[in-house]
Amino acid sequence: METRVHTAPDDAAFAGYLAHTRHAFGKAPYDHATLRAHGVTAVAARGDEVLGGGLFLPFAQHFGGRPVPSGGVAWLAVAPWARGAGLARRLTEEGTDRLRHEHGAHLACAWTPAPGLYRRWGWESVAVASSHTLDPARLPPVRGDFTAVVPDESARARLRDRLAAGWNGPLRHPSWWRGWKQRVTEGALTLGVTREGTLAGYATVTVEPHRPWGVAAVVHELWHDGLDALPALLEAVTAGSPQVREIRLRRSVLPRPGPLQWALDHYTVREEGWYPWVLTLLDVRRALEARGWDPQPGGGVRLEVVTPEGRSAPYALTFEEGLLHAQRGSPPPGHPATRTVRLPAGTLAAWYAGALPLRHAARLGLADGAPRDLALLDALATGPTPWLPDSF
């Protein structure tokens with residue numbers, strides 16, 4: 001019997017998919033009713049037997065200082081007895097197709113411990129997340145005049161949106177996101193610090209038991225507008241309580257490289273790596289044109305993007321003053337671009353996110369082109385570095 005992949009599962013099929021997530025991850029998606037309502041659900045079924053599924057969430061991400069329509073792949077699970085038949089890829093393609101056509105997504109991302117699987121589909125790793133554990137007794141003294149507060153959501157959103165544009169990857173949260181996160185982070189408290197009456201940073205924290213006694217302050221979200229605000233914010237998290245035995249910054253709370261090496265007087269930090277963040281461009285032309293670019297480089301380059309199956313697509317790129325125009329095929333009149341840079345689809349995604357300069361990619365055998373053209377494209381992408389602080 002044929003295995004069918006579709007994106008309109010009834011309640012019974014969705015329940016069958018949830019059973020596979022519990023087997024794959026040891027738990028079901030957090031508040032899965034909200035994710036189902038606001039995203040796309042894809043399931044694979046053979047007759048009445050559900051073999052797997054995934055959730056696909058529409059949002060925007062900052063790249064080059066501009067929000068780019070995007071989406072996330074989450075909770076992708078396939079039954080153990082059905083693995084190896086290409087179902088994960090079929091589910092991902094079906095779900096991201098819906099994101100592209102119904103939500104306007106130009107690219108898609110995921111957190112995964114199996115980047116090689118996604119790499120075979122044309123995705124690439126653009127960053128690796130870490131968690132960090134700090135000793136409250138080794139925090140540096142606060143320098144400057146800061147006041148601890150409980151900030152309202154509007155102040156947090158203004159700070160977060162202003163700072164997010166300085167990185168490649170942070171989400172522009174859809175309206176339902178904040179409420180969903182509050183429901184799935186039980187007992188969370190958000191604390192902030194102000195500098196001259198203006199919010200300079202905030203952290204969302206929960207408390208967990210710490211053996212043999214005391215508690216650990218677990219930080220789920222952390223934003224600060226300068227290095228001086230970080231010690232003040234960490235002090236607010238502990239509130240000077242001897243019960244707080246350690247501060248745990250959950251995975252992806254800090255970018256890599258993070259600010260701790262410049263903020264701490266004593267680097268007694270335990271770091272633990274987590275999954276890579278992987279990315280693919282669903283619509284190469286629109287993704288390139290939607291991103292922000294460095295305003296200094298100008299000119300044109302012919303780009304050839306190669307899929308994992310060996311198919312290639314040519315694009316003529318012309319750019320000036322931070323804007324890029326991409327045309328499928330030959331260059332527009334008056335803008336000759338005869339030289340060609342040839343990139344695998346995954347390399348294009350990693351370069352787009354600021355993770356892999358093309359001159360370095362060429363040394364790794366992951367890009368081909370004249371050095372001056374690679375340098376020109378690298379100069380175009382100079383600016384924000386990759387960081388995806390949200391998990392889903």
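## The Arg248 and Glu246 pair

Let's start with two side chains that meet in this predicted model. Arg248 and Glu246 form a salt bridge, with N and O 2.5 Å apart. How exposed is each partner? Arg248 is partly exposed, having a relative accessible area of 25%. Glu246, on the other hand, is buried, at 9%; it counts as buried because its value falls under 20%.

This pair belongs to a bigger set: the structure holds 25 salt bridges.

## A pair within helix H5

Now look at helix H5, which covers residues 153–164. Here the side chains of Glu153 and Arg156 come together in a salt bridge, with an N to O distance of 2.8 Å. Why can these two be described as about one helical turn apart? Because they sit 3 residues apart in helix H5. Glu153 is partly exposed, at 29% relative accessible area, while Arg156 is buried, at 7%.

The pair also has company. Glu153 and Arg156 are linked with Arg160, Arg178 and Glu221 in a network of salt bridges.

## A link from helix H5 to a loop

Which residue does Arg162 pair with in a salt bridge? The partner is Asp225, and the closest N and O atoms are 3.9 Å apart. Arg162 lies in helix H5, whereas Asp225 is in the loop between strand E11 (215–224) and helix H7 (229–238), so this salt bridge ties together parts that are 63 residues apart in sequence.

Try finding Asp225 in the structure: this residue is partly exposed, with a relative accessible area of 28%.

Technical notes. Residues are numbered from 1 along each chain as its sequence is written. This is a predicted model: local features need pLDDT of at least 70, side-chain atom pairs count only at pLDDT 80 or more; totals for chains, interfaces and linings use all residues. Side-chain values use heavy atoms; hydrogens and water are left out. A salt bridge is a side-chain nitrogen of Lys or Arg within 4 Å of a carboxyl oxygen of Asp or Glu. Helices (H or I, at least four residues) and strands (E, at least two) are DSSP runs, numbered from the N terminus. Buried means under 20% relative accessible area, exposed over 50%, partly exposed in between (1.4 Å probe, protein chains only).
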